Amino acid sequence: MPPKEFLQPHDVLVLGAGNAAMSAALTARARGASVLMIESANKDLRGGNSRHVRNIRYTHNAATDYVTGRYDADEYFKDLMRVTDGNTNEELMRFMIDASEDCADWMLAQGIKFQPPLSGTLGLARTNAFFLGGGRAMMNSYFKAAEKAGIDIVYEAEVEEMELDGSTFKAAMVRHGGELHRVEARTVVLASGGFEANIEWLKEGWGEIAENFLVRGSPMNTGKVLRSMLDNGAKPIGAPDQCHAVAIDGRAPKFDGGISTRIDCVIFSAVVNKNGERFYDEGEDIWPKRYAIWGRLVAKQPDQVAYAIIDSKSMGLFMPTVYAPFQADTLGDLAEQLGVDAPTMEKTIADFNAAVQPGEFNATEPDGCHTEGLEPKKSNWARKIDTPPYYGYPVKMGITFTYLGLEVNKSAQVFMNDGKPADNIWAAGEIMAGNILGQGYAGGTGMAIGNVFGRIAGEEAARHARN
């Protein structure tokens, strides 16, 4: 038998239960719509990738209880244009940035709590507000608000297929309890994430090397809704090999390792591949603006693995790691522990040390300490790696979410291949993030996209259903 919620008519069907989905569901319910949420996970794992987040980047014109200073729309825009290299829909990006100004206030109204600004190693205290208790606490507050609002939620229910009549949503085919059920609604909001947990789909963009990728987020994000929408004639946006991918500890689990698996010592290190060779400027910029490029860089190395090498001077300058680093008193011994070609790595570090120029080291901002006559160069935080013990972290590409998704407009309406918006279908969060993030990433942006477009989608879906 289907759950009783499947048998009741609903104004708005929300697929997913993360930040974007909750933003849509709560907004739609506040506008008087009846709302059904379908979540593929059980209660323990509910919330998708939002369980793993820590903060949100949003526009603000002054310091608050949660951020240390002004971060205006122009600076936000410049930051995103830089990390995306202009590969974006500028109009939507501007729109999202401007609309993000009240994100924190709206979340507070739902019962979500923020902590006082952080300082020290993170470098995000001015631009981003951090959730008290992290993503799981944030999601628990969301679910509490949803239950209080009278939103129906069915867990362990996975959408297998979307049923459309042209550009009109008719029903979702949902597997629950081993049976397939047809779930109708007047409108639908797609907030079911990307396809990063679908390795076979990743191979379509990356080839066989995708087999070695680790997935930081939910194993539930297999992209079934996205695939079905594309099969039904929805217009795609973004490239299949573009994604939010960072360097994470190579010993992390295949799925669901979360944000704690990230390796933050890259800017203080020399990063070598398994051949012992450097391959990119580790000091290009401060951590929050460039950390998301390293996953892709590592993915291009032999066996899709690299190693961040530091000495004792750099320990304590970055976020503590889940896994203890490899440690040795000589670089040769460290290389052998890591499985790296030792003679080459020793020469790489010796060449690196010889190229380091005098300067005043500053761990908290680009300091100009650089190398000369070295390829690739290191632009900042270049210090000799000469003080044992030496430490090494194996790093692999950890995907958080994919950018190939559905094209939308400022109303979060999904476009069809004929260039017209669908009648009653909206999208929010990772499934449409590629409209803004054509490539690259700045920490906390995904939460802003999910919240802004989630609320718009909920507003528009409720209005459509109630008219």
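Which residue stands opposite His 176 in E8? Glu 179 does, and the first view below shows the strands around this pair. This is a predicted model, in which local features need pLDDT of at least 70 and side-chain atom pairs count only at pLDDT 80 or more, while totals for chains, interfaces and linings use all residues. Residues are numbered from 1 along each chain as its sequence is written, and side-chain values use heavy atoms, with hydrogens and water left out.

**View A. The hairpin of E7 and E8.** Strand E7 (residues 168-176) pairs with strand E8 (residues 179-184) in the antiparallel sense, over 6 bridges. Helices (H or I, at least four residues) and strands (E, at least two) are DSSP runs numbered from the N terminus, and two strands pair if DSSP finds at least two bridges between them. The hairpin has 2 residues between its strands, and Gly 177 in the turn has a positive phi of about 60°.

**View B. An open sheet of 6 strands.** Follow the order E5-E2-E1-E9-E19-E18, and you will meet mixed pairing. Strand E5 (152-154) and strand E18 (413-415) each have a single partner strand, so one side of each is left without a neighbour in the sheet. From one strand to the next, the twist averages 35° (axes are lines fitted to C-alpha atoms, for helices over the stretch in contact, and angles run from 0 to 180 degrees between N-to-C directions). Within the sheet, E9 (residues 187-190) and E19 (residues 421-427) run parallel, joined by 3 bridges. Look for Leu 190, whose bridge partner in E19 is Ala 427.

**View C. Helix H4 and its buried residues.** Leu 92, Met 93, Met 96 and Ile 97 are buried in H4 (residues 90-99), where buried means under 20% relative accessible area, with a 1.4 Å probe and protein chains only. They cover an arc of only 135° around the axis, which puts them on the same side of H4; the arc is that of the directions from the helix axis to the C-beta atoms. Their cover includes helix H3 (73-84) and helix H13 (445-466).

**View D. Met 162 in the largest nonpolar core.** Met 162 and Leu 190 touch the most other members of this core of 110 residues. Such a core is a set of buried Ala, Val, Leu, Ile, Met, Phe, Trp, Tyr and Cys residues joined through side-chain atoms within 4.5 Å. H13 gives the largest share, 9 residues.

Key. Buried < 20%, exposed > 50% of the residue type's maximum accessible area, 1.4 Å probe, protein only. Contact = heavy atoms within 4.5 Å.
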